[in-house]
Amino acid sequence: MRVTWDPARYLSFADERQRPLVDLVARVRTRDARLVVDLGCGPGTAAALLLERWPAARVVGVDSSPEMLARAARVASAPRVCFEQADLRTWEPDGPPDVVVANAVLQWVPDHVEVIGRFAGLLAPGGSLALQVPGNFGAPSHTAMRRVADSGRWPLPAGLLRESPVLRERPVLEPAGYLSVLTGLGLDADVWETTYLHVLTGTDPVLEWTRGTALRPLLEVLGDDAASFEAAYAAALREAYPPDAAGRTVLPFRRIFAVGRRPGPVDG
Ligand SMILES: C[S@@+](CC[C@H](N)C(=O)[O-])C[C@H]1O[C@@H](n2cnc3c(N)ncnc32)[C@H](O)[C@@H]1O
């Protein structure tokens, strides 16, 4: 299903969403790059970091969402950057990429292990593929969403929870799974996980967070029923993530990182 993204809402947690990208890119050891690909580039927020890190590279951002790319157009005027609207499952770069970044996108792609294999096969010698996916699908933010959706109170298409990538119980692999995929592809692998403790403020901040991401496929199909669904979901979230006396809500957010490097002459 096509998800309609709301870049402004997604960017309302820009700092928290950018942090894993910074941590991911810091572990890429490919030094000299001419072509850097940003798969699922969203609103183009990674471009500045990628341009700075690889000053001789062209950065190509690929995304299927016209809404996200309209926002990315604001940075498209920077030299060495361009954006293309395409499905990353079939998109082909115009040469062997030195660095492929897939930050917070592969959880949306049902056969993402195949995507990893395809881009690993395209890497230039010494090139790196760096991915980050959320590892929080068993957290209350997601289990409560599935529970409310499963309650039968809202008319949801049969199979939505099974088929929609981020609503499934296990859309991503565990860290050991990515290690095995990357080494099986002949790459040197560096895999780890981190749980960030995001300190959020305001009313129902976890609901606001998921409205920008995982809740989107549900909101899309709920239409006029979205408000009553959100009210039930928000009540469950308030119980799972109670604010403290100062109004701060802590959202623990586990993320999984994997960097695979093809041995070659530009090793760092
Ligand atoms: C959570 S956002 C991440 C955006 C950006 N990478 C970041 O770190 O902020 C996920 C992005 O992946 C894009 N996306 C999901 N599936 C895709 C696909 N099959 N092909 C291209 N882009 C896709 C969405 O349109 C969305 O912009």
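This section describes the central sheet, two helices that pack on it, and the surroundings of the ligand in a predicted model.

The sheet is open and consists of seven strands, arranged in the order β3-β2-β1-β4-β5-β7-β6 with mixed pairing. Its edges are occupied by β3 (81-85) and β6; each of these has a single partner strand, so one side of each lacks a neighbour in the sheet. With direction ignored, neighbouring strands are turned against each other by 15 degrees on average. Strands of a sheet pair through backbone hydrogen bonds, in either a parallel or an antiparallel manner.

Strand β1 (residues 35-39) runs parallel to β2, and five bridges join the two. Among the bridged positions, Asp38 is partnered by Gly61 of β2, and Leu39 by Val62 of β2. Four of the five residues of β1 are buried, so this strand is largely enclosed by the rest of the structure.

Helix α5 packs on the sheet, where it touches β4 (99-103), β5 (128-134) and β7. The direction of α5 makes about 160 degrees with that of β5. Helix α8 likewise packs on the sheet, touching β6 and β7. The direction of α8 makes about 150 degrees with that of β6.

Within α8 (residues 175-184), the buried residues are Tyr178, Val181 and Leu182. These residues cover an arc of only 90 degrees around the axis, which puts them on the same side of α8. This arrangement can be related to the helical repeat: an α-helix has 3.6 residues a turn, so residues three or four places apart point the same way. The cover over the buried residues of α8 includes α5 (112-122), β6 (188-200) and β7 (249-261). Helix α5 thus appears both in the cover of these residues and among the elements packed on the sheet. After α8 comes Gly186, which has a positive phi, near 85 degrees.

The ligand is surrounded by 22 residues. The closest of them are Gly40, Gly42, Ser64, Ser65 and Leu88. By class, the shell around the ligand comprises 11 nonpolar, seven polar and four charged residues. Helix α2 (14-25) and strand β2 (58-63) each supply at least two residues of this shell. Strand β2 therefore contributes to the ligand shell as well as pairing with β1 in the sheet, where it is joined by five bridges, in line with the definition of strand pairing used here.

Notes. Residues numbered from 1 in each chain as written. Predicted model: local features only at pLDDT ≥ 70, side-chain atom pairs only at ≥ 80, totals over all residues. Near = placed C-beta within 6 Å. Nonpolar A, V, L, I, M, F, W, Y, C, P; charged D, E, K, R; others polar. Buried ≥ 20, exposed ≤ 12 C-beta atoms within 10 Å, placed from the backbone. Arc of directions from axis to C-beta. Contact = placed C-beta atoms within 7 Å. Axes fitted to C-alpha atoms, helices over the stretch in contact; angles between N-to-C directions.
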